[in-house]
Structure formats: C-alpha cells, structure tokens
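Please open the model in your viewer and keep the selection tool at hand. The tour moves from stop to stop, saying each time what to select and what can be found there.

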Amino acid sequence: MTVRTEPVMAAALPKAWSAWQATGVVALLVIAVIVPFAVSSFHLLQLTMVVIYAIALLGLNILTGYNGQISLGHGAFYAVGAYTMAILIERAGMPYWSIVPVAGIVCFIVGFLFGLPALRLEGHYLALSTFALAVATPQLLKFHALEKWTGGVQGTFVPGFAAPLGLPLAWDQWLYLFSLGIAAALFFFAWNLLRGSTGIAITAIRDHPIAAKTMGINISLYKLLTFGVSAMYTGIAGALGALVAQFVSPDSFTIFLSLSLLVGAVIGGVASIFGAIFGALFIQFVPNFADQISKAVTWAVYGLFMITFMYLMPNGIAGFLKVIGERLRRRRNS
Amino acid sequence: MDTFLHQLLSGLANGGIYASIGLALVMIFQATHHINFAQGEQAMFSAYIALTLIQAGVPYWAAFLIALAFAFIAGVAIERVVVRQFDNAPVLAVVVVFLGMLFIINSLAGWLFTYNVQAFPSPFPVGLGSKFLSAHEIGMIGVTLVTLAVVYAFFRFTPLGLAMRAAAQNPEASRLVGIRVGWMLALGWGLAGAIGAVAAIMAAPIVYIEPNMMAGILLYGFAAALLGGINNPWGAAVGGFIVGVAENLAGAYVVGTELKLSVALVIIIVVLVTKPAGLFGRTVVTRV
C-alpha cells in the first residue's frame, strides 16, 4: 500500500539535487551576479523586477501550488510589503535593509489573519474572496483615515540610497544584487521547507485533507502557516519592489497586479520552485514582447499568449520541462 | 425617510444588474464548475455593439435585441472554440484561460471603441420617473424582472430548457437519453452571455460606458452569486437585489462612497464564513 502511494508524494516534492543540477544552479547564480555590470540600466531594472517577481511568485506557489489554496489577491500582500517599506523609511527613518524583514513579519501576520476566514473556504470560494480582496485593495489604500501614513491618493515617494561599505556600485546595481541575495536565501529556505516533513504535510493537505488529518496533521495550523509564509514572501517582494519603483501609490496595486501574479505562478508551473523563475520571466517580458507585436492591442496579444501557453503546457513551463526531461531519461535508459 | 427610501429603491435598481450578472455566472458554474472571469468583459463588449448600432441610427430596442443576439453567438463561439479545449486541464489552467479572454476582450474593446468614457442613452421616457426613482431606474428594474421571468419560463416550461438542466445536472445520463451535452453547454454559455449583455446595457447609462466599466459590477455579481448560493440560479438573483440594497445603504450611511467596493469583500467573506452554501444553496456533501 505505502509503496504505491510513495512515488506520487515524492514526485511532488523537491528532491536532493543530482550533480549536474547543482552545477546548473551555481552557474545560474554566477551569471546572475555578473549581469549588472554587463547590461544597460533599463535592462537591469527589468531584471531586478524579474528577481522580485520570482520571490512573489514563489510565495504564491507555496500557497497555491503546494498547499492547493488558490489566491487571486496576492497583490494585496505585495502592496502591504511595499507600503511598509515606504512608510517606515519616510515616517520612521529606518534604514531600508532593516525594513525588509519587518515587511516580511508584517505580511506574515496579515496573511495569517486573512488565512483565518480562508480556512473555511476551498477552491473557487477562496479564489473569489481573494479576488474581492484584490479589487478592494486600492480603495482601502486610499482610505482617508490612513492618509497620514499612506499619503492617500497621491502615494509616497521612496528615496534611493548609496551602496553600502563604499562599494563602487550605482544604487540600481546594488539594489539588483541585494534583491538577488535575498531571493537566493528565500529560494533556499523554500526548498528546505518543502522537502522536509513540513513540505509533506503541506502537500498532503492539498492532495487528501482527510487522510492528512488522520495522520495527525493539524490542518488548520498548517494552512494558516502556509498562508502566512506565502504572504511573507510576497510582502518581501513588495518591499523590494517599492525600492525599485521609488514610489508607492494605491493605483500601482490594482487587480491587474494580483492577476499577473497568478498568471505567472500558473504559467511558470505550480508546485515547482523553479517555476517561479519562469513565471517571473513571463510576466516581465511577454507584455513587452506583445507591445512590440502590436501597440494597439498589446493586452489582447498577451491574452493570446496566456491561452496558447495553457493549451500547449497545461502544467506550466516547469511541468512541461519535467515531462521532456523524463522522456529523455527514459530514452537514455532503454 | 425620503432619502432612505430613495437609497433603498435605487439599491434595488442596481441590484437588478448584479442579479443578472450573478445569474449568468451561476448558469456557467452549474454546468461546468468554472467561474467565468471574462463574463463582465463579454457583457461590456455587447453593450458597445448596442451603442455603435444606436449611433448609426438603429432604433434602441432593435439595437438592444441585435446586441443580445451578438452576445449569444459570441458566448456559444467562446465555448466551442476556446473553453472546450480545456475540458481536462487543471483548474488553475482554466482560470488563466478565462483571465486571458478577459485581457483579449478588454483590449479589443479599447482598440475598436477607444478608452474614452462615453454616455449611453436610456430608452425610458423621463416622465416615468418619480420622487424616489429616476425613469431609467424604474425601467431597469422592469427589464431585469422580465429577463428573469423569461429565463425562468425557458428553463421551466420548454423541452430545450429541460434538456439544458439535465445536461448540467447529470451529463452521462443525459448523453444516454440522447441529449447532445456539448451543445447544451454551448447554449448555456450563449444564454449567460445574453443575460450579461442585458445587465451591461442597463448599467451603461448609470456607470457610463468604457472598457473597464464592468470590473466593479462583476465583483458585486460574484457577491450576489455567493450570497444566494452558487448552485442556485434564483438564489443568485435574490442575492443580487440584496447586495444592491446593502451596497447602497452602506455607501450612504456607513462607510461612504470611497469604500463601497470593500462592502462586496465584506459580504463575500461574511457569507462564506457563516453560511458557505449561501442563503438558498444546498450544502454539498462529499463522500469519502
């Protein structure tokens, strides 16, 4: 019995890496570190956003892909992270690097609390309530009682800084490396979290909640923690995003942001850590590409790309690559 | 007292729009267990068709009917061409496909009809208005009630309506008795598209017409569908009227207009947490 179910579970979880996979990751990191010295500042800005989106998508992926809770409202957590950064720099004068963990903690708490009603919601119901959260976010940010802190409709500027320790780097170069370092740490943390017993519990809840419960997994606690961790990731991404944009305003965090995040997570590939990177590349570059194809109907072209991707790869880019990889391996073995 | 009555009644008028959108959403959900995020955009596009015809000199009600026919055909086409390709795809892939359609329709509308906010004519004579309701609001309630009645009669009294209900409820058994389930689904999409179009054409004189006009309305439609019970079409209609009134009263007396959309969020969460099946829905029991 156990033998039959084990491969299913194992397939869903990140495994220990083979030698060439580890080499690939190291090579990717080395290239990523060299990049800021090789490209124009505009391209650097785009790549910084890819890194930041990758963090946000990984957060969403932990919740939606591994735990099976669909969220169409992660833009709200991104916004909370961004506003935490802006407000604490402007009003409290804290150094930007110390705010990153604060934003993470704030979003963990917000996510945990939003997870409480979400505990009773499944599938479509959760999708709809988080959709409502995303639609309401700009209005909540404009709310006049909070205007003293948020800057209301006008938003708040976020200043730039100098690279630390007298490093000979421009602010945008430093910001890219800073984000990359945080992303690497968070990816490692997620990988470690998901391959251990916590990861098994999280995916077991997705695959069979009742069986998970009989195995003694505290479903409510794990779901809440997953929601919190997921929001924490997305919030940290939001905090970094505020530094990049140097500006936060309610209309930067519309429903469109939330939808983009979900699109990125699904197209990149759910329940895959590297899917987050593919998804981030998609939501950063495909709109630009669509814009080059047609200025008049950019978003129609983008929508066509989304539908085509889903038609060709229903399990996302990561899922598609996995199938290809397995086919190659089987051919080599036979 | 007069203001209160005014708010209450115009809430009912808006509620009619939410009821129609809610009904359209529930019809598709019942048949396919998917939530059509592009429902609002389909409706918006049909309203633009109506506007273009009216501006070209077609009489209002003729334009209205042509737009409905267009919405119906477009709905059928979307089901046949796009949606059915994803019958066996994971739920999340289907959500992304609907979002893709939302982007496509929205962008096409902006390109064809511009993003400018435009006025939309109302067919109802001003003399119809009273102290509490404008002429258009009265007409809107009337049109919504007629639409609901027609849809009810269609499903209750015609063989085609019966076949469609059967196909949604039990596809395998329906296929065995010779119902073409695939086409019934497509017809359901067409009908939902037409009902949505009625909502958008009725809403347009109030919210004005622009490609993003339906975003808020769609959200209230979701709230209506959940409040009434997502597996009960008539519940969704009643839910729409309740949401309309609640939104208007809360906007006037509790939170002010700037937080109106958050009312929908609160309604959705409160309903789902306290009574997940909705007011009139049945509780789904899953066998283990």
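Begin by selecting A:Asp251, which counts as partly exposed because its relative accessibility is 47%, where buried means under 20% relative accessible area, exposed over 50%, and partly exposed in between (1.4 Å probe, protein chains only). Before going further, note that this is a predicted model, in which local features need pLDDT of at least 70 and side-chain atom pairs count only at pLDDT 80 or more, while totals for chains, interfaces and linings use all residues. Residues are numbered from 1 along each chain as its sequence is written, chains are lettered from A and ligands numbered from 1 in the order in which they are written, and side-chain values use heavy atoms, with hydrogens and water left out.

**Salt bridges in chain A**

Now add A:Lys142 to the selection: A:Lys142 and A:Asp251 form a salt bridge, with their closest N and O atoms 3.4 Å apart. The term stands for a side-chain nitrogen of Lys or Arg within 4 Å of a carboxyl oxygen of Asp or Glu. This pair links distant parts of the chain, 109 residues apart, since A:Lys142 is in helix α6 of chain A and A:Asp251 is in the loop between β2 (247–248) and α12 of chain A. Helices (H or I, at least four residues) and strands (E, at least two) are DSSP runs, numbered from the N terminus. A:Lys142 is partly exposed, with a relative accessible area of 26%.

Next select A:Asp207 and A:Arg206, whose side chains meet in a salt bridge at 2.9 Å, N to O. A:Asp207 is partly exposed at 40% relative accessibility, and A:Arg206 is partly exposed as well, with a relative accessible area of 27%.

**Back to helix α6**

Which residues does A:Ser129 touch, not counting residues up to four places away in sequence? Select A:Ser129 in helix α6 (residues 123–142) of chain A, and you will find A:Phe114 and A:Leu121 as well as B:Leu265, B:Ile268, B:Ile269 and B:Leu272, where contact means heavy atoms within 4.5 Å. A:Ser129 counts as buried because its relative accessibility is 0%.

**Helix α3 of chain B**

Move to B:Ile78, which lies in helix α3 (residues 60–81) of chain B and counts as buried at 13% relative accessibility. Not counting residues up to four places away in sequence, B:Ile78 touches B:Gln42, B:Val83, B:Met101 and B:Trp189.

In helix α3 of chain B, select B:Phe70 too, which is partly exposed at 31% relative accessibility. Leaving aside neighbours within four places in sequence, B:Phe70 is in contact with B:Phe45, B:Ser46 and B:Ile49. Then measure from B:Phe70 to B:Gly190: the two are 120 residues apart in sequence and 9.2 Å apart in space, C-alpha to C-alpha.

Is B:Glu79 buried or exposed? Select B:Glu79 with B:Arg84, and you will see their side chains meet in a salt bridge (3.8 Å, N to O). B:Glu79 counts as buried, at 2% relative accessibility, whereas B:Arg84 is partly exposed at 29%. Adding B:Arg80 shows a network of salt bridges that links B:Glu79, B:Arg80 and B:Arg84.

**Last stop: helix α15 of chain A**

Finally, select helix α15 (residues 316–333) of chain A, which has 18 residues. The buried residues of this helix are A:Gly316, A:Ile317, A:Ala318 and A:Gly319, and what covers them includes α12 (255–268), α13 (275–293) and α14 (298–312) of chain A.

Notes
The expected span of a helix is 1.5 Å times one less than its number of residues.
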